[in-house]
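Morning, everyone. Please have the sequence and the model open, and I'll walk you through.

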Amino acid sequence: MTSAPLPHDPLWPRAGSWPAPSPGAPADLALIGVPTWRTSLSPTGAHATPAAVRAALRRYSPALIRGADGAPVDLGEPAVVDHGDVDEPDGPDGEARARAAVGAALAGARAVVALGGDNALTVPVALGAWGDDVATAGLVTVDAHYDLRDGVSNGSPVRRLIEAGLDPARVVQIGIADFANSAAYARRARDLGITVVTLDEVRRQVHERGPGGPGDVVRAALDAAGAAGGPVHLDVDVDVCDRSVAPGCPASVPGGLAAWELRALVRAAATDPRVRSVDLAEVDATADAPDGRTVRLAALCVLEVLAGLALREVVPNPAK
């Protein structure tokens, strides 16, 4: 991305540059960097991504052109705080630090967004957000991959969370793609009772149902993941997108989701109060296209979460 100074306009405020938390002050959204990368199955510079996303946020305004009532919405009004990055979040000690940091961030906010890092961050972020509620918690992944591999890597977070006590009946995986997974792991997901919505099924539902398609997909996923009444974690692996829009994801392939589809799914999920934590994973800022399109998409997903929080006040709660 170009390093030229951004123009200043007092009537066009910029997103990002959010303050550190103040003791006792509540926040709508807490941002935290969890730059995991050391166990990645592919060479990655994903530890550089949180800083890159923060910089990219400055390119956007915190405004919705039309809210639920048709009027513009200033997303600069909700309080957003930035907790900085967890130091060296890989490995047992690093994961413990990340869990504690996420739990502390969420204690003072309505929701938390964790900036990865590779997909290994999903384990400490989800566990930190759930706290003692693992037995009733749910997980929704927007990802091309099952993440059920053996061992400890960015390919194993879903399996590890299940081993930590997450009921696989409350795991819903949206966007699982052909030619990106093995038959063995597909069988493992089936045997565990995980709900899988393939990439083709997502695309069919989104396009057949029109503007309400992403919301319908997410609502069904959250109904399953939140069936026990516990908090739901949303794992957003940007490599679910087409490689043309996400070249900075090592595992993205041609034919994935469009950028607008990912953004619509994220906003729809964030509108639901059952979602209290979100992670953005698998973006390698050091491998992005010269225009920074993958990092910019990740930054927009942060703003889509913020938009979802704002719309919670005016969109009926499907959990009621």
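Let's start with one strand pair. Strand β6, residues 138-142, and strand β9, residues 232-237, pair in the parallel sense over five bridges. Take Gly-138 as a way in: its bridge partner in β9 is Val-232. A reminder before I go on: this is a predicted model.

Now widen the view to the sheet. In what order do the eight strands run? The order is β4-β1-β5-β10-β9-β6-β7-β8, the pairing is parallel, and the sheet is open. Its edge strands are β4, at 80-85, and β8, at 195-198, and each of them pairs on one side only. On average, neighbouring strands here are turned by 15° against each other, ignoring direction.

Next, what lies across the sheet? Helix α3, residues 122-130, lies across four strands: β5 (109-115), β6, β9 and β10 (275-281). Against β9, helix α3 runs at about 160°.

On to a helix pair. Two packed helices are described by the angle between their axes and the distance between the axes. Helix α1, residues 49-57, packs with helix α9, residues 293-311, at about 70°, and the axes are 8 Å apart. Angles of 65 to 115 degrees count as roughly perpendicular, so α1 is roughly perpendicular to α9. Which residues meet? From α1, we have Ala-52, Val-53, Ala-56 and Leu-57. From α9, we have Val-295, Arg-296, Ala-298, Ala-299, Val-302 and Leu-303. By class, this α1 and α9 contact has nine nonpolar residues, one charged and no polar.

Now the pocket. The largest one has a volume of about 330 Å³. Which residues are closest to its centre? Of the 20 that line it, they are Leu-41, His-145, Asp-147, Arg-149 and Gly-155. The lining divides into eight polar, seven nonpolar and five charged residues.

Two backbone details next. Most residues other than glycine have a negative phi, and most peptide bonds are trans. Look at Glu-88, in the loop between β4 and α2 (91-107). Its phi is near 45°, a positive value in a residue other than glycine. Then look at Gly-116 and Gly-117: a cis peptide bond joins them, with omega about 15°. Gly-117 sits in the loop between β5 and α3, and α3 is the helix that lies across β5, β6, β9 and β10.

Last stop, Gln-205. This residue is found in helix α6, residues 199-208. What does Gln-205 contact, leaving aside neighbours within four places in sequence? The partners are Val-197, Gly-213 and Val-217. Of these, Val-197 falls within edge strand β8, at 195-198. For a sense of distance, take Ala-137, 68 residues from Gln-205 along the chain. The two C-alpha atoms are separated by 26 Å.

That's my tour. Over to you.

Notes. Residues numbered from 1 in each chain as written. Predicted model: local features only at pLDDT ≥ 70, side-chain atom pairs only at ≥ 80, totals over all residues. Heavy atoms only, no water. Axes fitted to C-alpha atoms, helices over the stretch in contact; angles between N-to-C directions. Helix = DSSP H or I, 4+ residues; strand = E, 2+ residues; numbered from the N terminus. Parallel < 35°, antiparallel > 145°, perpendicular 65-115°, else oblique. Contact = heavy atoms within 4.5 Å. Nonpolar A, V, L, I, M, F, W, Y, C, P; charged D, E, K, R; others polar. Pairing = 2+ DSSP bridges. 1 Å grid on protein atoms, 1.4 Å probe; cavity = no way out; pocket = protein on both sides within 12 Å on 5 of 7 lines; lining within 4 Å. Points joined across faces, edges and corners; volume = space filled by probe spheres on them.
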